[in-house]
Amino acid sequence: MLDTSADQGASLRRIAPQAAWSVIAMVTRGDTATELPLLWQICAALQSFSLRITVLDATSAESEDNPGLQNLLDHAHWQEDVAPDADHDAPPWHIVPARVGLSRLAVQTRQDSTMSPPPLQALSHLFRSCDLVVVYADAQLLATLMPGSQVRPLLAVTPLRASILGGYQNFKKLLLQARLVPLIASVVTAPFKNAELLAKSTGRALQHCAHLHLDCQTDFMTVRSFPQKTARWDDAHPIALRLMASAIPMAHGVGHR
């Protein structure tokens with residue numbers, strides 16, 4: 001999976017050649033200053049693998065002026081696909097407001113705990129022009145929508161005490177409620193050597209807590225992400241590959257509601 005071929009996206013496609021698209025996830029804890037630059041780095045890295053990306057953004061609610069996933073679900077009888085905008089000023093990946101639509105799926109899941117196929121399969125008839133869908137949502141929503149799956153949601157943390165504590169709480173929720181083991185991204189927040197050392201210490205601290213208190217062996221990766229500096233997409237490539245390796249394939253036409 002972690003190959004160095006010219007088209008690394010082909011590795012993902014070979015895993016599930018019948019899939020319409022596949023799903024990965026990133027946890028939001030509300031720290032957009034840290035999370036969003038990292039999310040865009042990862043999207044850029046994924047696009048460099050020749051993958052077509054859609055982000056389902058659960059931090060953004062659908063509305064008449066801001067249509068998104070809820071609208072697609074309500075009009076699924078005539079709109080069977082979603083394609084990226086033609087706006088040349090837009091990012092090269094498609095961002096879909098998804099708070100209401102994903103919450104609706106979560107409510108349906110809670111009402112029917114025996115739901116089969118899995119909740120996100122209800123979206124399989126959408127996004128057929130995409131290769132990979134990134135679900136950007138809080139830990140509770142991800143735990144409801146992806147229980148027991150192979151997905152490793154990306155959990156970004158910084159050296160701040162509140163971030164470490166919040167990161168552990170989210171890690172615990174995903175593990176205990178949904179048997180999901182997050183991939184920890186310890187973010188280097190400044191271009192200084194001590195900032196990199198702090199990021200490594202942060203990753204080790206969270207790794208140690210998961211092992212000590214949750215009996216969970218996990219790993220972490222450090223990544224440079226400076227919102228005001230020149231982007232360093234190469235830092236996100238290893239994380240993007242790890243996320244691809246745990247993606248869930250969505251089969252064509254299954255779970256259409």
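Trainee: Which side chain meets Arg 242 in a salt bridge?

Mentor: This is a predicted model. Side chains of opposite charge can pair when their charged atoms come close. Here the N to O distance is 2.6 Å, and the cut-off for a salt bridge is 4 Å. The partner of Arg 242 is Asp 219.

Trainee: How many residues apart are Asp 219 and Arg 242?

Mentor: Asp 219 sits in the loop between α7 and β7, while Arg 242 belongs to helix α8. The pair therefore links distant parts of the chain. The separation is 23 residues.

Trainee: Is Arg 242 buried, partly exposed or exposed?

Mentor: Buried means under 20% relative accessible area and exposed means over 50%. The value for Arg 242 is 24%. Arg 242 therefore counts as partly exposed.

Trainee: Which residue forms a salt bridge with Arg 152?

Mentor: The closest N and O atoms of this pair are 3.4 Å apart. Arg 152 lies in the loop between α5 and β5 and its partner in the loop between α7 and β7, so the bridge ties together parts 67 residues apart in sequence. The partner is Asp 219.

Trainee: Is Asp 235, which forms a salt bridge with Arg 224, buried or exposed?

Mentor: The closest N and O atoms of Asp 235 and Arg 224 are 2.9 Å apart. Arg 224 is partly exposed at 22%. Asp 235 has 11% relative accessibility, and the limit for buried is under 20%. Asp 235 is buried.

Trainee: Which residues are joined into one network by salt bridges that share partners?

Mentor: Asp 219 forms a salt bridge with Arg 152. Asp 219 also forms one with Arg 242. The network consists of Arg 152, Asp 219 and Arg 242.

Conventions. Residues are numbered from 1 along each chain as its sequence is written. This is a predicted model: local features need pLDDT of at least 70, side-chain atom pairs count only at pLDDT 80 or more; totals for chains, interfaces and linings use all residues. Side-chain values use heavy atoms; hydrogens and water are left out. Helices (H or I, at least four residues) and strands (E, at least two) are DSSP runs, numbered from the N terminus. Buried means under 20% relative accessible area, exposed over 50%, partly exposed in between (1.4 Å probe, protein chains only).
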